[in-house]
Amino acid sequence: MVLSHAASDTDVSVHSTFASRYVRTSLPRFKMPGNSIPKEAAYQIINDELMLDGNPRLNLASFVTTWMEPECDKLIMESINKNYVDMDEYPSITIELQNRCVNMIANLFNAPLGETETAVGVGTVGSSEAIMLAGLAFKRKWQNKRKAEGKPFDKPNIVTGANVQVCWEKFARYFEVELKEVKLSEGYYVMDPEKAVEMVDENTICVAAILGSTLNGEFEDVKLLNDLLVLKNKENGWDTPIHVDAASGGFLAPFLYPELEWDFRLPLVKSINVSGHKYGLVYAGIGWVVWRTKEDLPEELIFHINYLGTDQPTFTLNFSKGSSQVIAQYYQLIRLGHEGYRNVMENCRENMIVLREGLEKTDRFNIVSQDEGVPLVAFSLKDSSSHTEFEISDMLRRYGWTVPAYSMPPNAQHITVLRVVIREDFSRTLAERLVIDIEKVMRELDELPSRVVKKISLGEEKSEANGDNLMVTVKKSDLERQREIINGWKKLVSDRKKTNGIC
């Protein structure tokens, strides 16, 4: 959710050239207009403003699906007016199709199900809600056990890496759980399993492992984490579990790395979340969380309602929502099958290799991402003494590309990288074109003066000794200079954003 803010007094109306055929006066921007306008005018006004957005397919910052087949688009539109939560009215969607998807995904993750046993899971609005639900289940199970043992249950904590997505921080803050983060280090940008297990204590409700870091796409070593945690649990008489945040990697690993042990094959993995709207290949708005067994989801968290026609069990943070994303997920699962998903993922990986090799040939970048993981390329400048990754990101927008630049979390915040996510609709041709455009940007930057570095690469300090004002030049370390360059560009980008109003 984007928090809204008030605009200036001069920016309170919406004007439209085409709408002047129907509407001669401007529309209020933040108040509902007093009169109706023709549907054609309303469409044109909104369409004009949406033209200012970037091209979703060239948005290489996002993991979220931006293209689906026309047949699936048609299914989405045909079901857009069906409420997901109305089980009695729409049993095919809420009960049947969701259950089919949950069971397919649970089997994909090697859940220990019997021949006639059904999986335990639920569809969510992305992985953020899925993580909230999984975290609540862990917290309640831990609290129930502590109460039964007569021990304090008011200080739960969760162990993660500093590379986790912000939804984990939200869970910790919203539901009053201490977040214990394993700090990163230069060259190692995921959670260290040994350090994570060292942080585990009797109040730890779970350890969260990431299958596909947002920062560089790397898979964390869930197998090693499981083995180390088994030993610590045995030594202390605990049963601290593992949750796997497979938002990005859950639909990748089973097809690209089927032998990799990260899922329910490991005994301490009790729940897994995955984003259907990432490599599940569905438009934004669908996630999934599945539990190992029914015992891993406390019954007291499941509500039963009957005011929509029949008894309906529900375990979600949301209530009413569209059903089209569940339908779209089921379409992809039966349309593609194992063969289709494997082909898509292999193609993404091949296009990732094309882009990575193209960047390596320029001899200007260090590749930060790993070969095994989410198909993305994270890279940084070998020499950032004159220009920075933020400049490259800014200048690539001239060519239509959205490529994010960002600094790593603690304790690697002095490292800045660019990241390109390879999705299904990012072709080899686009990969080759992106390399060409990056080379153009680098040539342009080489010809430009170093705008920020000239001002901040050397520090100037005043000394008032003996009453005299002396200007002393102080040479700064490479690390200090790098951080000041990053902060300078962050400020420049931030100032530009402040001046960009709505046209």
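The exercises below, each with a worked solution, concern a predicted model.

Residues are numbered from 1 along each chain as its sequence is written, and side-chain values use heavy atoms, with hydrogens and water left out. Because the model is predicted, local features need pLDDT of at least 70 and side-chain atom pairs count only at pLDDT 80 or more, whereas totals for chains, interfaces and linings use all residues.

**Exercise 1. Determine where K278 lies, whether K278 is buried or exposed, and which residues K278 touches.**

Step 1. The unreviewed UniProt entry annotates K278 as "modified residue: N6-(pyridoxal phosphate)lysine"; such positions are given in the numbering used here, feature names are shortened, and annotations may be inferred rather than shown by experiment.

Step 2. In the chain, K278 falls in the loop between β8 (269–275) and β9 (287–291), where strands are DSSP runs of E with at least two residues, helices are runs of H or I with at least four, and both are numbered from the N terminus.

Step 3. K278 has a relative accessible area of 16% and is therefore buried, a class that means under 20%, with exposed over 50% and partly exposed in between (1.4 Å probe, protein chains only).

Step 4. Leaving aside residues up to four places away in sequence, K278 touches F63, T65, A247 and S248, a contact being heavy atoms within 4.5 Å.

**Exercise 2. Work out the strand order of the open sheet that 7 strands form, and place helix α5 against its strands.**

Step 1. The order is β3-β9-β8-β7-β6-β4-β5, with mixed pairing; two strands pair if DSSP finds at least two bridges between them.

Step 2. At the edges, β3 (120–124) and β5 (178–182) each pair on one side only, and the twist from one strand to the next averages 20°.

Step 3. The pairing of β3 with β9 is antiparallel and extends over 5 bridges, and V120 has W291 as its bridge partner in β9.

Step 4. Helix α5 (residues 166–174) lies across β4 (157–161), β5, β6 (204–210) and β7 (242–245), running at about 150° to β5; axes are lines fitted to C-alpha atoms, for helices over the stretch in contact, and angles run from 0 to 180 degrees between N-to-C directions.

**Exercise 3. Summarise the burial and the contacts of the protein as a whole.**

Step 1. The protein contains 13 helices and 17 strands, and 48% of its 503 residues count as buried.

Step 2. Among contacts with a separation of 6 or more, 68% come from residues 24 or more positions apart.
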